[in-house]
Amino acid sequence: MTEWRPDKLARRLPNLQARNRLQAALREWFGGEGFVEVETPILQVAPGAEVHLAGFVTDWELPDGEERERWLHSSPEFAMKKLLAGGIPKLFQFARVFRNAEGSALHHPEFTMLEWYRAGAGYEDIMADCAALLRQTGVKELRWGEHVCDPLAEPERLTVVEAFQRYAGVDLFATLGNPDALSAASGIAMHAGDSWDDVFFRVMFEKIESRLGMGRPTILCEYPISMAALARAKAGDPRVAERFELYVCGVELANAFGELTDPEIQADRLEADMDMKEELYGVRWPVDDDFLAALDHGLPDCAGIALGFDRLVMLATGAKHIEDVLWLPVR
């Protein structure tokens with residue numbers, strides 16, 4: 001852990017001042033684009049839809065003594081989409097979010113997510129937003145360790161299939177659903193009980209991620225449809241989803257979707273994800289019926305993204321640990 005005591009605040013203060021300046025600059029940019037800043041509840045019926053994340057659960061005691069289980073959200077996505085369905089076409093939020101069992105130089109159990117959505121837009125519009133936001137950092141280079149990236153450079157756009165071919169020598173589509181084939185093609189060892197997804201993420205970690213966003217940002221796009229999460233299938237190629245991740249200096253900075261708006265498909269995906277979560281971890285999160293009702297009411301064609309604001313501050317200041325850009329860490 002890094003030093004955090006009050007008497008050490010002076011060491012971190014330049015980073016924290018840079019954090020405030022960047023947050024102000026981003027708010028100004030969103031305002032200029034016609035976005036509305038919103039605030040949604042931290043306590044939710046379900047913390048999110050992620051299979052591999054752990055959540056924080058609590059009990060809500062009502063005045064009449066009834067108790068209801070609620071979760072600290074891991075993302076404000078469900079709530080913000082309810083507002084989209086309610087008629088707000090452009091919205092953003094600096095949200096405090098929570099993920100259990102996490103801690104590293106880039107991970108903290110409570111952190112700030114910058115999330116925004118555009119109605120009547122596609123995921124390529126969000127790609128353009130990402131390039132514009134990186135220009136708001138006001139620095140000549142973004143840094144992580146010895147790696148640097150030009151925030152003014154036009155991002156490289158690379159499909160997942162292209163990345164696997166370039167950096168791992170793998171024809172990804174030829175291995176779909178077959179973990180043994182992916183292991184053999186990539187040279188990444190299989191572990192007992194590995195699924196195709198397990199091997200996929202190990203190849204990403206060992207051979208691909210550390211090479212993305214070097215010199216200029218990388219937009220890694222078109223994930224296999226099995227990893228679509230809340231994204232829709234790409235028009236013209238149903239094998240992949242309208243999903244991308246933004247990388248800078250080998251650090252994953254953001255995850256974006258051309259949003260799925262079909263309530264039936266979304267309900268099926270959520271149930272399938274929770275089936276997998278229960279099988280892997282013995283935990284099942286509830287399905288947020290209000291979220292599905294919002295989709296049924298009519299979620300407009302839209303795209304959105306979640307960006308790790310603390311990580312962006314780290315890259316802009318060259319900080320080596322996430323706690324170096326937090327006013328106070330969780331203890």
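This passage describes three sites in a predicted model: glutamate 209, threonine 317 and a surface patch that includes Leu13.

Glutamate 209 lies in a loop, with helix H7 (196–208) on one side and strand E10 (218–221) on the other. Beyond its neighbours within four places in sequence, glutamate 209 makes contact with Met204, Tyr247, Gly250 and Glu252. The C-alpha atoms of glutamate 209 and valine 248 are 9.7 Å apart in space, while 39 residues separate glutamate 209 from valine 248 in sequence.

Threonine 317 belongs to helix H10, which covers residues 309–317. The relative accessible area of threonine 317 is 19%, so this residue is classed as buried, the cut-off being under 20%. Within the model, the side chain of threonine 317 comes to 2.9 Å from the backbone oxygen of valine 313. When neighbours within four places in sequence are set aside, the contacts of threonine 317 are Asn15, Ala18, Arg143 and Val325. Two of these names recur in the region of helix H1, whose residues run from 9 to 32: Asn15 and Ala18.

Leucine 13 is also part of helix H1 (residues 9–32). Its relative accessibility is 30%, and leucine 13 is therefore counted as partly exposed, a class that falls between the limits of 20% and 50%. On the surface, Leu13 joins Leu9, Trp327 and Leu328 in a nonpolar patch. The accessible area of these residues together is about 350 Å².

Note on methods:
Residues numbered from 1 in each chain as written. Predicted model: local features only at pLDDT ≥ 70, side-chain atom pairs only at ≥ 80, totals over all residues. Heavy atoms only, no water. Helix = DSSP H or I, 4+ residues; strand = E, 2+ residues; numbered from the N terminus. Contact = heavy atoms within 4.5 Å. Buried < 20%, exposed > 50% of the residue type's maximum accessible area, 1.4 Å probe, protein only. Polar contact = N/O pair within 3.5 Å; in protein donor to acceptor, adjacent residues only side chain to side chain. Patch = residues over 30% accessible without salt bridge, like charges linked within 9 Å, V, L, I, M, F, W, Y side chains within 5 Å. Areas by Shrake-Rupley, 256 points an atom, 1.4 Å probe, with all protein chains shown as cover. Salt bridge = Lys/Arg side-chain N within 4 Å of Asp/Glu carboxyl O.
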